[in-house]
Amino acid sequence: MPIDATGHAELIRVAHLMADAARPETLRHFRTPALVADDKGGGAFDPVTIADRAAEKAMREVLARERPDDAILGEEYGAQPGTTGLTWVLDPIDGTRGYISGTPTWGVLISVADAAGPLFGLIDQPYIGERFAGGFGIAQVDGPTGERALSCRQGRTLADATVLTTFPEVGTAEEGHAFHAVAGRAQLTRYGMDCYGYALLASGQVDLVIEAGLNAYDIQAPIAIIHAAGGIVTDWEGGPVHEGGRALAAATPEIHAEALAILQETMRA
């Protein structure tokens, strides 16, 4: 059943309540000497902290009170079934490696999705005090300098683009090679932004974000926000990416097409 304007407002309200609940849980431990990170294992260092778990618990408590019949998919506590056809997709701290290093480029990711993908999303950066929102006719950021509209940057080609990714190796050796084939034709490449890179894309500061090895909770909120800001997000084949995998986020269809062609050509070589 389609969601009307009243339903939109309700989902937006609950999303902000969750972000409000998660903020103090993340800030309580950020840049504190006592912070300890456990390794989830599985190969490369994959940290999780008390703040990750506490923030997700706080968000789930909001949902238990406000939207008990909706499904939940969270990074730390997994999936919980629902009956409404809506799923809240939560990453309590996207960028835990950055969090434990003291960099302010991590964020709380919240989105609500139906079977077709994300409908509305938030990227909240508690330490800076910025909250990026997108979906249901909204594309805005509220932060230290006030509230303003989000809009992806226009008129750039790959040759004068700024491209972001989180890890220099990107993913597998093959995926890294494909990324660097794109980055080698761009004007500027930066690393280590985690979800904040997608927020910068929606803000009109950069032109491309390219990543691999993502989960649904890593990408659904950014998809909603970037789409609302006029950008495009697909997988490396040009299809949907809301279930995770390899993501290509671009400010315009034109620069997306340039990057996509290089990724595909390199991956097939």
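## Close-up views of a predicted model

**View 1. Helix α5 against the five-stranded sheet.** In this predicted model, helix α5, which spans residues 195–202, lies across β11, β13 (208–215) and β15 (244–250), and its direction makes an angle of about 145° with β13. The sheet beneath this view is open and built from five strands in the order β12-β11-β13-β15-β14, with mixed pairing. Its edge strands are β12 (188–191) and β14 (232–234), each of which pairs on one side only. From one strand to the next, the twist averages 20°.

**View 2. The pairing of β11 with β12.** Strand β11, which covers residues 162–165, runs parallel to β12 and is joined to that strand by four bridges. Within this pairing, T162 of the model stands opposite L188 in β12. In general terms, the strands of a sheet pair through backbone hydrogen bonds, in either a parallel or an antiparallel manner.

**View 3. The largest nonpolar core and the surroundings of I226.** The largest nonpolar core holds 30 residues, of which I123, F132, L150, Y198, I219 and I226 touch the most other members. Two or more residues of this core come from each of β9 (138–143), α5, β13, α6 (216–228) and β15, and α5 gives the most, with seven residues. Once neighbours within four places in sequence are left aside, I226 is in contact with C152, Y198, L201, A202, G231, I232, V233, A249 and A250. A second core, separate from this one, has 23 residues and includes I12, M18, V62 and L63. Such groupings fit a broad tendency, since nonpolar side chains in soluble globular proteins tend to be buried together.

**View 4. The aromatic pair of F30 and Y127.** The count of aromatic pairs in the model comes to seven. F30 and Y127 form one that is edge-to-face, with 5.1 Å from centre to centre and 70° between the planes. Because F30 lies in the loop between α1 (5–27) and β1 (37–39), while Y127 lies in the loop between β7 (117–125) and β8 (130–135), the pair ties together parts that are 97 residues apart in sequence. The two partners fall into separate classes of accessibility: F30, at 5% relative accessibility, counts as buried, whereas Y127, at 42% relative accessibility, counts as partly exposed. Ring pairs also link F30, Y99, W106 and Y127 into a cluster.

**View 5. The eight-stranded sheet and its helices.** Eight strands form an open sheet in the order β4-β3-β5-β6-β7-β8-β9-β10, and here too the pairing is mixed. The edge strands, β4 (78–80) and β10 (146–149), each pair on one side only, and neighbouring strands are turned by 15° against each other on average when direction is ignored. Four bridges join β3 (residues 71–74) to β5 (residues 87–94), and these two strands run parallel, with G74 standing opposite L90 in β5. Helix α2, residues 50–66, lies across β3, β4, β5 and β6 (107–114) and runs at about 155° to β5. Helix α5 packs on this sheet as well, where α5 touches β5, β6, β7 and β8 and makes about 105° with the direction of β7.

**View 6. G129 in the loop between β7 and β8.** G129 has its place in the loop between β7 and β8, and at 22% relative accessibility this glycine counts as partly exposed, because buried residues are those under 20%. When residues up to four places away in sequence are not counted, G129 touches R23, D142, G143 and P144. One of these contacts, D142, is 13 residues from G129 in sequence, and the two C-alpha atoms are 8.0 Å apart in space.

**View 7. The cysteines C152 and C195.** The count of disulfides in the model comes to zero. The sulfur of C152 is 16 Å from the closest cysteine sulfur, that of C195, and this is too far for a bond, because a disulfide requires sulfur atoms within 2.5 Å. C195 is likewise in no disulfide, the nearest cysteine sulfur being that of C152. In terms of accessibility, C152 counts as buried at 3%, and C195 counts as buried at 1%.

Technical notes: Residues numbered from 1 in each chain as written. Predicted model: local features only at pLDDT ≥ 70, side-chain atom pairs only at ≥ 80, totals over all residues. Heavy atoms only, no water. Pairing = 2+ DSSP bridges. Axes fitted to C-alpha atoms, helices over the stretch in contact; angles between N-to-C directions. Contact = heavy atoms within 4.5 Å. Core = buried A, V, L, I, M, F, W, Y, C linked by side-chain atoms within 4.5 Å. Buried < 20%, exposed > 50% of the residue type's maximum accessible area, 1.4 Å probe, protein only. Phe/Tyr/Trp six-rings, centres within 6.5 Å; stacked < 30°, edge-to-face > 60°.
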